[in-house]
2 protein chains.
Amino acid sequence: MQNYGEYFRALREAKNMTLREVEKQADVSNAYLSQLESGKVKQPSPLTLHKLSEIYGVSYDLLMEKVGYPVPERKEKMKSESGKTSIAYRVGDISDDEELELLNYLKFIRNRKK
Amino acid sequence: MQNYGEYFRALREAKNMTLREVEKQADVSNAYLSQLESGKVKQPSPLTLHKLSEIYGVSYDLLMEKVGYPVPERKEKMKSESGKTSIAYRVGDISDDEELELLNYLKFIRNRKK
DNA sequence: TATATTTGCTTGCAATACTTAGCAAACCGA
DNA sequence: TCGGTTTGCTAAGTATTGCAAGCAAATATA
């Protein structure tokens with residue numbers, strides 16, 4: 001993915017967290033998080049991705065793949081293994097653009113009722 | 001692992017390869033390989049590890065673990081999640097209500113652009 | 001309104017991955 | 001012996017990760 005900065009931002013905003021909240025929980029500086037979300041970071045380290053994956057509740061592998069690191073066989077497996085069962089729930093059915101929209105909508109949902 | 005430099009050297013020598021042979025196949029400079037094997041490198045990038053894993057015939061995961069990167073736990077998490085929704089896999093932990101809303105919104109997105 | 005806090009961001013800076021250039025010793029065939 | 005090649009290595013330089021410090025605007029609090 002080229003513009004994964006926006007993706008990280010969407011993840012954070014979907015959780016309604018500030019840069020400094022993530023900084024505390026992940027032990028990653030808010031300065032660096034800002035750079036990450038604005039596309040100024042090329043490839044954050046696996047350790048950083050791991051911390052963020054836990055906070056945002058997404059898989060470590062997914063983030064590794066997002067930023068362009070080689071990923072130990074997973075995507076291919078999931079695509080080839082499960083047949084047509086539960087196609088509506090399949091991961092690959094959602095494009096990156098759609099995913100961003102869903103994250104933004106999730107943020108809207110969570111802010112709506114307060 | 002602390003002294004994985006020697007480990008990489010052992011891998012290379014077990015294959016009877018020179019630094020320059022590995023350089024050609026992996027597209028990693030012999031200078032850097034030398035530093036790597038003499039313990040002057042802290043954490044080679046995942047991409048470099050991936051290339052070396054293919055040449056030396058060891059698993060990518062193993063090398064990732066050797067140099068101290070977090071390694072995806074493929075035991076419980078993924079299996080317990082696979083039965084659930086894949087949207088959660090992509091956008092993070094969500095409630096059932098939120099999932100329903102997101103699925104409806106996804107349908108809206110897809111019908112919209114046509 | 002005025003002051004304090006929050007929030008995102010930018011600017012230097014240190015550490016480190018990785019490269020190009022090149023050195024020195026070992027190894028070759030004539 | 002001698003010129004060339006191979007081999008591992010070091011030195012110097014570039015690029016990027018990630019941080020501490022701090023700024024400016026928004027927001028909260030008095």
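## Two protein chains and two DNA strands

In this predicted model, 26 residues of chain A are in contact with 22 residues of chain B, where contact means that C-beta atoms, placed from the backbone, lie within 7 Å. Local features need pLDDT (the predictor's confidence in each residue, from 0 to 100) of at least 70 and side-chain atom pairs count only at pLDDT 80 or more, while totals for chains, interfaces and linings use all residues. Residues are numbered from 1 along each chain as its sequence is written, with chains lettered from A and ligands numbered from 1 in the order in which they are written.

**Where chain A touches chain B**

- On the chain A side, α1 (4-14), α4 (46-56), α5 (60-66) and α7 (96-112) each supply at least two residues; helices are DSSP runs of H or I with at least four residues, numbered from the N terminus.
- The largest share of that side, eight residues, belongs to α7(A).
- By class, this side of chain A has 18 nonpolar, three polar and five charged residues; Ala, Val, Leu, Ile, Met, Phe, Trp, Tyr, Cys and Pro count as nonpolar, Asp, Glu, Lys and Arg as charged, and the others, Gly among them, as polar.

**Nonpolar cores**

- The largest nonpolar core holds 27 residues, and A:Leu11, A:Leu63, A:Leu103, A:Leu106 and B:Val91 touch the most other members. Such a core is a set of buried Ala, Val, Leu, Ile, Met, Phe, Trp, Tyr and Cys residues joined through C-beta atoms within 7 Å, buried meaning that 20 or more other C-beta atoms lie within 10 Å of a residue's own.
- Helices α1, α3, α4, α5 and α7 of chain A, together with α7 (86-91) of chain B, each give at least two residues to this core.
- Not counting residues up to four places away in sequence, B:Val91 touches A:Ala14, A:Glu99, A:Leu102, A:Leu103 and A:Leu106.
- A second, separate core of 14 residues includes B:Tyr4, B:Val22, B:Met64 and B:Val67.

**Around the DNA**

- Of the 20 residues around strand D (C-beta atom within 6 Å of the strand), A:Ala31, A:Lys42, A:Ser45, B:Thr18 and B:Ala31 come nearest.
- With five residues, α3(B) gives the most to the surface near strand D.
- Around strand C there are 20 residues, of which A:Ala31, B:Ala31, B:Tyr32, B:Lys42 and B:Ser45 come nearest.
- The largest share of the surface near strand C, five residues, comes from α3(A).

**Confidence**

- Chain A has a mean pLDDT of 82, and 78% of its residues reach 70 or more.
- Over residues 75-92 of chain A the pLDDT is below 50.

Key. Contact = placed C-beta atoms within 7 Å. Buried ≥ 20, exposed ≤ 12 C-beta atoms within 10 Å, placed from the backbone.
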